[in-house]
Amino acid sequence: MKKRTRLGHSGRNPFENHGIVNPPVNHASTILFPTVDELLNRYKSGDYQKTMTYGIRGTPGVFGFLDSIAELEGGDRCIAYPSGLSAITGALLSFLKPGDHVLVTDSAYEPTRNFADGLAYRLGIETTYYDPLIGADIASLIQPNTKVVLTESPGSWTFEVQDIPAIAKAAHAANCVVMLDNTWSGGLYYAAFDHGVDISIQAATKYICGHSDVMLGTVVCKESHFKPLYDTWNQLGLSVAPDDIYLVHRGLRTMEVRLERHQINALKIAKWLEAHPAVDRVLYPALESDPGHELWKRDFTGASGLMGFVLKSKSREGLAAMLENMALYGMGYSWGGFESLLIPTFPRKFRTATTWEDKGQCMRLHAGLEDVDDLIDDLSAGLDRYMKY
Ligand SMILES: Cc1ncc(COP(=O)(O)O)c(C=O)c1O
């Protein structure tokens, strides 16, 4: 069956739930056992992730969601975390210990860097940032103590497409675990495991949820990598509320149709921006002019709604005139919801392995589900205001 079919049917079994279409929401901390034997032997049979023992480890509606996401991404197992960031940090902590070394793409989501430079550093874990376009040359940065290579493709601020198969090949030759922040693709447009990834991470807060109202992270892996992930998750007590899981599972059912519209809108906006006199360049891999386009075409099956663009100039007053008067685009540090967003970004500030050469103001735009002509009209008026400065 095609993925779009499965998205509507995965992770639910109505006739185990009184015929109700959607999985149940069970509010539970305590779970009772009818006999001493069942109490003491609770893990003796079945799947330990899905054995009902205590609310922190999940309930049937949660387990259904985990099945859906594992299926979406083509993995064996999923673990849910209270945010995308905790999914990234939880995954890293599962495979790193004091004295280890991790390679992190220079294009990583900034709080991922904060963790690497903060808590991971304090725990004695060393980080080297690498050029996202490094490809097979990642081999030259691998040390005897390198355990993990973290990728993010495309980078959610700067949109470089990484050659994940080449990176994974070199990393696996040195027994490193390859992790991918796969949020941009929604897990739908990038089949992480077919490209050599071991651990696919998403901020389900974004496209899977799709409605800007829940924080959630997911990590998907094959059975081979599950135990360290689960043990760390369990030891950290990173439980997720069943209501949040329910909402995000509901979002998943429509993700494919939403992403299709995000993509149509984003591509039209990107092409329009590319021809605009105030714009220097557009960072969106689905555009033929994007330096990552060939890799994107080779590895991805679609593009989502998030892009960057660089203005020809830099003006704080111009930014305020544009952004504070947009009719449809909000200013906010997220994306993946139904609504359009536009913010200034400052990639130069947090790069260390590479330099960001563009002189003009960098922007990040999320194309929402509104009518694309309305979005372009709003953007056009905004850029007119910007150009007055
Ligand atoms: C690429 C990427 N990964 C991870 C995250 C973190 O997700 P959350 O906000 O759910 O912690 C974000 C959030 O903006 C993101 O953009």
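**Ligand surroundings, a helix pair and an E4–H6 loop**

Helix H4, spanning residues 84-95, supplies three residues to the shell around the ligand, the largest share. The structure described here is a predicted model. Around the ligand stand 14 residues, of which Gly84, Leu85, Asp181, Thr205 and Lys206 come nearest. Sorted by class, the shell consists of six nonpolar, five polar and three charged residues.

Polar contacts to the ligand were found at Gly84, at Asp181 and at Lys206. At Gly84 the protein partner is a polar backbone atom, which lies 2.8 Å from an oxygen atom of the ligand. Asp181 uses its side chain instead: a polar atom there is 2.6 Å from a nitrogen atom of the ligand. For Lys206, an N or O atom of the side chain lies 2.8 Å from an oxygen atom of the ligand. The ligand taken alone exposes 390 Å², and 94% of that area is buried by the protein.

The packing of two helices was examined next. Helix H9 (residues 255-274) packs with helix H12 (residues 372-387) at an angle of about 30 degrees, and the axes of the two helices are 10 Å apart. Because angles under 35 degrees count as roughly parallel, H9 is roughly parallel to H12. The crossing in which H9 passes H12 is right-handed.

Backbone geometry was considered last. Most peptide bonds are trans, and a negative phi is found in most residues other than glycine. The peptide bond that leads from Ser153 to Pro154 is cis, and its omega is near -10 degrees. Pro154 is placed in the loop that runs between strand E4 (146-152) and helix H6 (164-173). The loop between E4 and H6 also holds Phe159. This residue, Phe159, is not a glycine, yet its phi is positive, near 70 degrees. The loop between E4 and H6 thus contains both Pro154, which follows the cis peptide bond, and Phe159, with its positive phi.

How values were computed. Residues numbered from 1 in each chain as written. Predicted model: local features only at pLDDT ≥ 70, side-chain atom pairs only at ≥ 80, totals over all residues. Heavy atoms only, no water. Near = heavy atom within 4 Å. Polar contact = N/O pair within 3.5 Å; in protein donor to acceptor, adjacent residues only side chain to side chain. Areas by Shrake-Rupley, 256 points an atom, 1.4 Å probe, with all protein chains shown as cover. Helix = DSSP H or I, 4+ residues; strand = E, 2+ residues; numbered from the N terminus. Nonpolar A, V, L, I, M, F, W, Y, C, P; charged D, E, K, R; others polar. Axes fitted to C-alpha atoms, helices over the stretch in contact; angles between N-to-C directions. Parallel < 35°, antiparallel > 145°, perpendicular 65-115°, else oblique. Left-handed = near helix turned anticlockwise from the far one by under 90°.
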